[in-house]
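I am opening a notebook on a structure that is new to me. I will look at the overall fold before turning to single helices, strands and residues.

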Amino acid sequence: MNLLSKVKARSLPTCNSAQSQPFWVLVLFTWGSLLALKFAIAFFKWVFINFLIPAKNLKKYKFWALVTEPTNGIGKGFTFQLARKGNNLILVGRNPDKLKDVSDLIQAKYGKTQIKTVVVDFAGDLFECVRRVNEAIEGLDVGVVINNVGMSYPYARYFHEVDEELLKNLIKINVEATPMIKVAEGIEDQFYQVSLSSN
Ligand SMILES: NC(=O)c1ccc[n+]([C@@H]2O[C@H](COP(=O)([O-])OP(=O)(O)OC[C@H]3O[C@@H](n4cnc5c(N)ncnc54)[C@H](OP(=O)(O)O)[C@@H]3O)[C@@H](O)[C@H]2O)c1
């Protein structure tokens with residue numbers, strides 16, 4: 001027997017052993033392989049999105065960025081990131097002192113950033129909010145809108161436990177205020193928008 005025949009003779013049982021497995025083992029094996037493939041694809045997608053995909057160059061959407069509710073949480077984070085990238089800012093919030101604090105912090109860190117603040121209460125008169133925003137952005141090229149306006153309960157509770165005032169504000173801010181910002185005149189054409197309201 002030459003070497004080739006010996007190799008063939010040895011490899012034959014391996015092929016046969018796969019064929020000789022019970023059907024349910026083959027089904028399980030296929031199912032397991034597909035599952036592993038699904039997880040591998042999800043993992044590589046996660047790595048791609050979180051580490052490899054290039055960041056969007058927001059400056060190409062013009063220099064001014066408008067952020068609603070920039071004094072806390074996610075909105076504040078966006079505000080600092082935009083200033084770091086070189087955008088000028090229009091900060092729209094309800095508390096003048098907090099708006100000043102955020103502006104001062106940004107100016108101290110990124111001296112070149114131009115900042116305009118607009119004091120509005122999104123639980124108040126929304127047409128007045130839009131009027132003030134329009135006034136502030138007149139003549140500016142607003143290319144990025146971080147429409148962060150939105151609120152939730154301070155803690156989890158049943159619907160019937162929510163008091164009337166909170167419910168009214170929830171609906172007003174989450175349902176009415178979010179689209180209202182889009183009707184501001186200087187930002188109604190082309191702009192890059194991130195909307196964060198969870199409602
Ligand atoms: N955090 C999350 O896990 C999560 C998840 C999904 C979606 N979101 C959405 O992301 C957005 C921001 O969430 P966040 O957690 O960063 O919020 P946050 O930390 O609670 O900050 C709330 C911001 O909203 C402002 N604000 C509240 N009521 C206002 C009103 N009537 N008029 C004007 N400003 C008002 C606050 O201003 P003051 O500083 O003056 O109080 C503050 O700047 C919301 O739209 C939320 O629905 C959040």
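Before checking any helix length, I note that the expected span of a helix is 1.5 Å times one less than its number of residues. The model I am reading is a predicted one.

**Entry 1: helix H2.** I applied that rule to helix H2 (residues 23-52), whose 30 residues should span 44 Å at 1.5 Å a residue, and its end C-alpha atoms, 42 Å apart, agree with this. I then looked for buried residues among the 30 residues of H2 and found that their count is zero, so to speak a helix that is hardly covered.**Entry 2: the chain as a whole.** I counted the secondary structure next, which comes to six helices and five strands, and which follows the pattern α-α-β-α-β-α-β-α-β-α-β when read along the sequence. Of the 199 residues of the chain, 21% count as buried. Among the contacts with a separation of 6 or more, 73% are between residues 24 or more positions apart.

**Entry 3: strands E2 and E3.** In which sense do strands E2 and E3 pair? I found that E2 (residues 88-93) and E3 (residues 115-119) pair in the parallel sense, over five bridges, and that Leu 89 has Ile 115 in E3 as its bridge partner. Following the chain from E2 to E3, I passed through helix H4 (residues 96-109), and this β-α-β crossover is right-handed.

**Entry 4: the nonpolar core.** I looked up the largest nonpolar core, which has 27 residues, and noted that those with the most contacts inside it are Ala 65, Leu 66, Val 67, Leu 89, Ile 90 and Val 92. Two or more residues are given to this core by each of strand E1 (64-68), helix H3 (73-84), E2, H4, helix H5 (126-137), strand E4 (142-147) and helix H6 (164-182). I then took Leu 89 by itself and, leaving aside neighbours within four places in sequence, found it in contact with Ala 65, Val 67, Thr 79, Leu 82, Ala 83, Thr 113 and Ile 115.

**Entry 5: Asn 88.** I turned to Asn 88, which is also found in strand E2. Is Asn 88 buried, exposed or partly exposed? Because 18 other C-beta atoms lie within 10 Å, and 20 or more would be needed for a buried residue, Asn 88 is partly exposed. Not counting residues up to four places away in sequence, Asn 88 touches Phe 63, Trp 64, Thr 113 and Gln 114. One of these, Thr 113, is 25 residues from Asn 88 in sequence, yet the two are 5.3 Å apart in space, C-alpha to C-alpha.

**Entry 6: helix H3.** I checked the length of H3 as well: with twelve residues, it reaches 17 Å from its first C-alpha to its last, close to the 16 Å expected at 1.5 Å a residue. The buried residues of H3 are Gly 75, Lys 76, Phe 78, Thr 79, Leu 82 and Ala 83. Seen down the axis of H3, these buried residues fall within an arc of 160 degrees, so they line one face of the helix, while on the other side Gly 73 and Arg 84 are exposed. I asked what the buried residues of H3 pack against, and found E1, E2, H4 and E4. After H3 I came to Gly 86, whose phi is positive, near 100 degrees.

**Entry 7: Ile 74.** Last, I looked at Ile 74, which lies in helix H3 and is partly exposed, with 15 other C-beta atoms within 10 Å. The C-alpha atom of Ile 74 is separated by 7.7 Å from that of Asn 148, although the two residues are 74 residues apart along the chain.

Definitions and conventions: Residues are numbered from 1 along each chain as its sequence is written. This is a predicted model: local features need pLDDT of at least 70, side-chain atom pairs count only at pLDDT 80 or more; totals for chains, interfaces and linings use all residues. Two strands pair if DSSP finds at least two bridges between them. Helices (H or I, at least four residues) and strands (E, at least two) are DSSP runs, numbered from the N terminus. A crossover is right-handed if, with the strands pointing away from the viewer, the path from the first strand over the helix to the second runs clockwise. A nonpolar core is a set of buried Ala, Val, Leu, Ile, Met, Phe, Trp, Tyr and Cys residues joined through C-beta atoms within 7 Å. A residue is buried if 20 or more other C-beta atoms lie within 10 Å of its own, exposed if 12 or fewer, and partly exposed in between; C-beta atoms are placed from the backbone. Two residues are in contact if their C-beta atoms, placed from the backbone, lie within 7 Å. The arc is that of the directions from the helix axis to the C-beta atoms.
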